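Here are my notes on this model, point by point. Please read them with the structure open.

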Amino acid sequence: MNKYLSYLAFLLISLASGGIGSLFTMAGLQAYEQLNRPPLTPPSILFPIVWTILFLLMGVGAARVWKRPGRDRAILVYGVQLLFNVLWSAWFFLLQWRLFAFFWLLALILLVALMIRSFIRIDVLAGAIQIPYLLWCAFAAYLNFGFWFLNR
């Protein structure tokens, strides 16, 4: 039973973080819809689907790490990157600080890479399932910069 509680807890933490970020996103969605879009911008319906999957993978990875010795630093990095993720939505959508959000996203990418490295040292699968998150954040950085550049 205790095994499942850690999965449930980390899934809820990850999904709640995504939920908070989505509140910022929805608050700025009307302004976002008016922007010129960079090439390769996916349809808006794709974003919540992808983000939900990524937050689920973050939760599973963190739960796997939580049960292992040496977890403290990895769990701390997980928490900090979640905070950076949530705040990016506020900077980009709510406040429309697109260039600031781009640099914030670069910091998030570094944190995600650090989380992957920390997770892999403890549990290879926990780290490996974060690679799509890293790739998506890199793509998001391209989009973020493109939105800023095309709408300055």
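1. Start with Pro-42. Pro-42 sits in the loop between H2 and H3. The model is a predicted one, and every value below is computed from it. Is Pro-42 buried or exposed? Pro-42 counts as buried, because its relative accessible area is 10% and the cut-off for buried is under 20%. Leaving out residues up to four places away in sequence, Pro-42 touches Phe-47, Trp-136, Phe-139 and Leu-143. The C-alpha atoms of Pro-42 and Gln-96 are 20 Å apart. Along the chain, 54 residues separate Pro-42 from Gln-96.

2. Leu-40 belongs to the loop between H2 and H3 as well. Its phi is positive, near 75°, and Leu-40 is not a glycine. Leu-40 is exposed, with a relative accessible area of 67%. Pro-42, in contrast, is buried at 10%. Please look at the backbone at Leu-40 when you go through this loop.

3. A second positive phi occurs at Gln-96, again in a residue that is not a glycine. The value is about 60°. Gln-96 is placed in the loop between H4 and H5. Its relative accessibility is 41%, so Gln-96 counts as partly exposed.

4. Now the largest pocket. How much space lies in it? The volume is about 630 Å³. The lining has 29 residues. Nearest the centre of the pocket are Thr-25, Phe-47, Pro-48, Trp-51 and Phe-93. Phe-47 is also one of the residues that Pro-42 touches.

5. Which elements line the largest pocket with two or more residues each? They are helix H1 (2–27), helix H2 (29–33), helix H3 (46–66), helix H4 (72–94), helix H5 (98–122) and helix H7 (131–150). H1 gives the largest share, eight residues. By class, the lining holds 17 nonpolar, 11 polar and one charged residues.

6. Aromatic pairs come next. A pair of rings is described by the distance of the centres and the angle of the planes. The count for this model is 25 aromatic pairs. One of them joins Trp-51 and Tyr-133. Their ring centres are 6.0 Å apart, and the planes make an angle of 80°. That pair is edge-to-face, because its angle is over 60 degrees. Trp-51 lies in helix H3 and Tyr-133 in helix H7. The pair links distant parts of the chain, 82 residues apart. Tyr-133 is buried, with a relative accessible area of 1%.

7. Which residues form one aromatic cluster? The members are Tyr-32, Trp-88, Phe-92, Phe-93 and Phe-147. Phe-93 is also among the residues nearest the centre of the largest pocket. Phe-92 has a charge over its face: Arg-98 lies 4.7 Å from the ring centre. Elsewhere, Arg-152 lies over the face of Trp-148, at 5.5 Å from the ring centre.

8. Two residues of helix H4 deserve a look. Gln-81 lies in this helix, and so does Phe-84. Is Gln-81 buried or exposed? Gln-81 counts as buried, because its relative accessibility is 0%. Setting aside neighbours within four places in sequence, Gln-81 is in contact with Met-58, Leu-108, Leu-111, Val-112, Met-115 and Tyr-133. Tyr-133 is the partner of Trp-51 in the edge-to-face pair.

9. Phe-84 touches Trp-104, Ala-107, Leu-108 and Leu-111, not counting residues up to four places away in sequence. Leu-108 and Leu-111 are also among the contacts of Gln-81. The C-alpha atoms of Phe-84 and Ile-116 are separated by 15 Å. These two residues are 32 apart along the chain.

10. Two isoleucines to finish. Ile-49 is in helix H3. Its relative accessible area is 47%, so Ile-49 is partly exposed. From Ile-49 to Ile-116 the C-alpha separation is 22 Å, with their places 67 residues apart along the chain. Ile-131 is in helix H7. Ile-131 is partly exposed too, with a relative accessible area of 39%. Ile-131 and Ile-45 are 22 Å apart in space, C-alpha to C-alpha, and 86 residues apart in sequence.

Note on methods: Residues are numbered from 1 along each chain as its sequence is written. This is a predicted model: local features need pLDDT of at least 70, side-chain atom pairs count only at pLDDT 80 or more; totals for chains, interfaces and linings use all residues. Side-chain values use heavy atoms; hydrogens and water are left out. On a 1 Å grid over the protein atoms alone, a cavity is a set of points where a 1.4 Å probe fits but cannot get out, and a pocket is an open set with protein on both sides within 12 Å along at least five of seven lines; lining residues have an atom within 4 Å of a point. Grid points are joined across faces, edges and corners, and a volume is the space filled by probe spheres set on the points. Helices (H or I, at least four residues) and strands (E, at least two) are DSSP runs, numbered from the N terminus. Ala, Val, Leu, Ile, Met, Phe, Trp, Tyr, Cys and Pro count as nonpolar, Asp, Glu, Lys and Arg as charged, and the others, Gly among them, as polar. Rings of Phe, Tyr and Trp (its six-membered ring) pair if their centres lie within 6.5 Å; planes under 30 degrees apart count as stacked, over 60 as edge-to-face and the rest as tilted. Buried means under 20% relative accessible area, exposed over 50%, partly exposed in between (1.4 Å probe, protein chains only). A charge sits over a ring if NZ of Lys or CZ of Arg is within 6 Å of the ring centre and within 35 degrees of the ring normal. Contact means heavy atoms within 4.5 Å.
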